[in-house]
Each structure stands twice: as structure tokens, then as C-alpha cells.
Amino acid sequence: MVKYYKSIGVNEEYAKKFVIQQAAFDILIANTDRRKNSTNSIAIKSFDRCIPINLDYGRSLPVMFKEEHVEKYANMDEETWQDSVEGLSDLSSEDFGLISAEGRIVNNIEFLFENGFEKFKININKLKRDLEVSCERIKRLKPELYEFAKVKAGILIARLESEELSVLWEASDEENNL
């Protein structure tokens with residue numbers, strides 16, 4: 001990937017950092033398609049530099065959600081809902097968003113840190129509020145997608161708060177961080 005980014009004009013040091021940070025983000029969000037199509041990015045080029053930007057085709061935080069799940073999740077008590085979402089989060093932990101063919105995320109995370117990964121700074125309280133607002137907006141605009149949106153948001157928070165993946169980020173109170 002670094003070779004590819006260099007070939008389109010991205011500074012080598014920046015390309016290395018981008019690939020490592022991208023891989024860590026993919027692990028956090030359980031991105032399922034970058035392993036098969038590692039060029040899910042575009043580059044913005046100006047006169048003096050070129051920078052890559054990630055794309056996502058909606059295959060992150062994978063969950064099978066069918067029409068019958070809408071009622072099921074809508075009628076769950078909070079504890080059952082939370083357990084269900086955490087279970088969905090755990091299922092995707094070992095299978096998706098890996099940077100190599102090796103199936104152990106802990107080894108992938110170790111590799112990231114060995115290669116200069118810098119922890120993400122996340123304002124978790126702001127993220128939770130923003131996700132809640134987004135879900136409520138979806139509820140107003142497209143009510144049939146509300147439960148799906150809530151489950152996806154719940155999976156993201158469960159992944160961030162999991163012991164295994166929490167090593168990839170540190171809390172920040174800054175408003176401009178996730």
C-alpha cells in the first residue's frame with residue numbers, strides 16, 4: 001500500500017502512517033472490505049502534496065438485520081438489548097477488520113503498535129451523544145431504519161469499550177475529536 005500511495009505522489013512517511021492508522025480504524029469498526037480491496041481510498045492532490053482519504057462502502061460494523069429484527073429490538077428491555085448488541089460486537093471481533101491473514105486481533109494490534117500506531121483520541125461522551133442524535137434523526141426521517149441504526153451505534157460503542165479494542169484509543173475532552 002505504501003508503494004501504491006508513493007506512486008500517486010503521497011509522501012512515504014505520511015503513507016506509512018496513513019496505512020497503519022487506517023488498519024487500526026478498520027479493526028475498530030470491523031471494516032470487512034478493505035482486506036479484499038485495500039484501495040478503498042481516494043487521493044486529493046494539490047500543487048505541493050497528495051493525501052489519501054478513506055472510503056467506506058457500508059460494510060463496517062457488520063450485522064445481519066432483517067425486517068423481523070425491527071420489532072424484536074424495539075420490544076427488548078434495555079439489559080437484553082445491551083447483551084444482544086455486545087454479543088454482535090463480540091462476533092465481529094475476531095473475523096473482521098484484520099490487517100493480515102492472521103485471525104488474532106491481539107497480534108494485529110501488536111503489529112500496529114510496533115509500526116508506529118498512534119492511539120486515536122476520542123471524546124466518547126460526545127460520540128455517544130452524536131450517535132443518539134443521529135439515531136433520533138433517522139427515526140424522524142426513516143423510522144423503519146431506526147432500530148438498525150441504534151444497533152449499529154450500539155455495536156460501535158461496545159467495540160470501543162471492549163477490553164481488547166480499548167487499547168486503540170484514549171479519552172479526550174476536545175470537542176473536535178470523534
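**Aromatic contacts around Phe120**

In the predicted model, phenylalanine 120 has a relative accessible area of 16%, and it is therefore classed as buried, the limit for this class being under 20%. The ring of phenylalanine 120 pairs with that of phenylalanine 117: the two centres are 5.4 Å apart and the planes meet at 70 degrees, so the arrangement is edge-to-face, a term applied to angles over 60 degrees. Phenylalanine 117 is likewise buried, its relative accessible area being 6%.

A search of the whole structure gave 7 aromatic pairs. In one of them, phenylalanine 25 and phenylalanine 120 have ring centres separated by 6.0 Å and planes inclined at 75 degrees, so this pair too is edge-to-face. The contact joins distant parts of the chain, since phenylalanine 25 belongs to helix H2 (residues 12-29) and phenylalanine 120 to strand E3 (residues 120-122), with the two positions 95 residues apart in numbering. Phenylalanine 25 is partly exposed, at a relative accessible area of 32%, whereas phenylalanine 120 is buried.

Together with Phe113, the residues Phe25, Phe117 and Phe120 make up one aromatic cluster. Phe120 thus takes part in edge-to-face pairs with both Phe117 and Phe25.

A contact of another kind involves tyrosine 146. Lysine 139 is placed over the face of tyrosine 146, at 4.8 Å from the ring centre.

Conventions. Residues are numbered from 1 along each chain as its sequence is written. This is a predicted model: local features need pLDDT of at least 70, side-chain atom pairs count only at pLDDT 80 or more; totals for chains, interfaces and linings use all residues. Side-chain values use heavy atoms; hydrogens and water are left out. Rings of Phe, Tyr and Trp (its six-membered ring) pair if their centres lie within 6.5 Å; planes under 30 degrees apart count as stacked, over 60 as edge-to-face and the rest as tilted. Helices (H or I, at least four residues) and strands (E, at least two) are DSSP runs, numbered from the N terminus. Buried means under 20% relative accessible area, exposed over 50%, partly exposed in between (1.4 Å probe, protein chains only). A charge sits over a ring if NZ of Lys or CZ of Arg is within 6 Å of the ring centre and within 35 degrees of the ring normal.
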